[in-house]
Amino acid sequence: MASKEQVAKLLVTIADTLLEVPARAIGVDPAIVQGFVQGTTTGAVDAAKAPKGKKTTAYQRAYKRSFKRVAPKYKKRNGEWKKGGFKAAVRQAHKEAKK
């Protein structure tokens, strides 16, 4: 089985080959297109290696559950918030989450 590096090189080669013909057709130097492809793949790899966000706390999870449970009481039938409903739902959810 091929390693990740070999697969990456193969995919870059395929992308270069596929983009050479349209680049020549519109009059762009294929080297520029290749540089663009290299830059985007490098950026994608860097984005995939980005650090993950912080772990949610037990309180945040409890608040989320209680807010979802409480919210419908403060909404109209069409899904809009009643007047002052969001603020009241937030207060009620915090109150329940503290328990």
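Buried here means under 20% relative accessible area, while exposed means over 50% and partly exposed lies in between. Keep that in mind as we walk through this predicted model.

Q: What share of the 99 residues in the chain is buried?
A: To count as buried, a residue has to come in under 20% relative accessible area. Applied to the 99 residues of this chain, that cut-off gives a buried share of 15%.

Q: In what order do the elements of the chain run from the N terminus on?
A: The chain has 4 helices and 0 strands. Read from the N terminus on, then, the order is α-α-α-α.

Q: How much of the chain's accessible surface belongs to carbon and sulfur atoms?
A: Start with the total: the accessible surface of the chain comes to about 8400 Å². The part of it that belongs to carbon and sulfur atoms is 61%.

Q: How far apart should the ends of helix 4 be, going by its 14 residues?
A: Helix 4 covers residues 85–98, and each residue adds 1.5 Å. The expected span is 1.5 Å times one less than the number of residues. The end C-alpha atoms of helix 4 agree with that, because their separation matches the expected 20 Å.

Q: Which residues of helix 4 are buried, and how wide an arc do they fall within?
A: The buried ones are Gly85, Ala89, Val90, Ala93 and Ala97. Looking down the axis of helix 4, you'd see them line one face of the helix, because they fall within an arc of 135°.

Q: Which exposed residues sit on the face of helix 4 turned away from its buried side?
A: The buried side of helix 4 has something over it: its cover includes helix 3 (58–70). Turn to the face pointing away from that side and you'll find the exposed residues Lys87, Arg91, Lys95 and Lys98.

Q: Is alanine 93 buried or exposed?
A: Alanine 93 belongs to helix 4. Leaving aside neighbours within four places in sequence, it touches Tyr63, Ser66 and Phe67. Its relative accessibility is 0%, so alanine 93 counts as buried.

Q: What distance separates the C-alpha atoms of alanine 93 and lysine 68?
A: Lysine 68 is in helix 3, while alanine 93 is in helix 4. Along the chain they are 25 residues apart. In space, their C-alpha atoms are separated by 8.4 Å.

Q: Is lysine 68 buried or exposed?
A: A residue needs over 50% relative accessible area to be called exposed. Lysine 68 has 58%, so it is exposed.

Q: Which residues of helix 3 are buried, and what arc do they cover?
A: Helix 3 has the buried residues Ala62, Ser66, Phe67 and Val70. They are on the same side of helix 3, because the arc they cover around the axis is only 130°.

Q: Which residues are exposed on the other side of helix 3?
A: The cover over the buried residues of helix 3 includes helix 4. Over on the other side of helix 3, the exposed residues are Lys64, Arg65 and Lys68.

Q: How far apart in space are alanine 58 and alanine 97?
A: Alanine 58 is part of helix 3, and alanine 97 is one of the buried residues of helix 4. The two are 39 residues apart in sequence. C-alpha to C-alpha, the distance is 9.5 Å.

Q: Which residue forms a salt bridge with arginine 69?
A: Side chains of opposite charge can pair when their charged atoms come close. For arginine 69, the closest N and O atoms of the pair are 3.0 Å apart. The pair links distant parts of the chain, 27 residues apart, with arginine 69 in helix 3 and its partner in helix 4. That partner is glutamate 96.

Q: What N to O distance goes with the salt bridge of lysine 76 and glutamate 80?
A: The whole structure holds 2 salt bridges. Lysine 76 is partly exposed at 44%, and glutamate 80 is partly exposed at 45%. Their side chains meet at an N to O distance of 3.9 Å.

Q: How much accessible area does the nonpolar patch with Ile14 have?
A: Isoleucine 14 lies in helix 1 (residues 4–26) and is partly exposed, with a relative accessible area of 40%. Its partners in the surface patch are Val7, Leu10, Leu11, Leu18 and Leu19. Together the patch residues have about 540 Å².

Conventions. Residues are numbered from 1 along each chain as its sequence is written. This is a predicted model: local features need pLDDT of at least 70, side-chain atom pairs count only at pLDDT 80 or more; totals for chains, interfaces and linings use all residues. Side-chain values use heavy atoms; hydrogens and water are left out. Helices (H or I, at least four residues) and strands (E, at least two) are DSSP runs, numbered from the N terminus. Buried means under 20% relative accessible area, exposed over 50%, partly exposed in between (1.4 Å probe, protein chains only). The arc is that of the directions from the helix axis to the C-beta atoms. Contact means heavy atoms within 4.5 Å. Accessible areas come from the Shrake-Rupley method with a 1.4 Å probe; for residues, only the protein chains shown count as cover. Patches are made of residues with over 30% relative accessible area and no salt bridge: like charges are joined within 9 Å, nonpolar side chains (Val, Leu, Ile, Met, Phe, Trp, Tyr) within 5 Å. A salt bridge is a side-chain nitrogen of Lys or Arg within 4 Å of a carboxyl oxygen of Asp or Glu.
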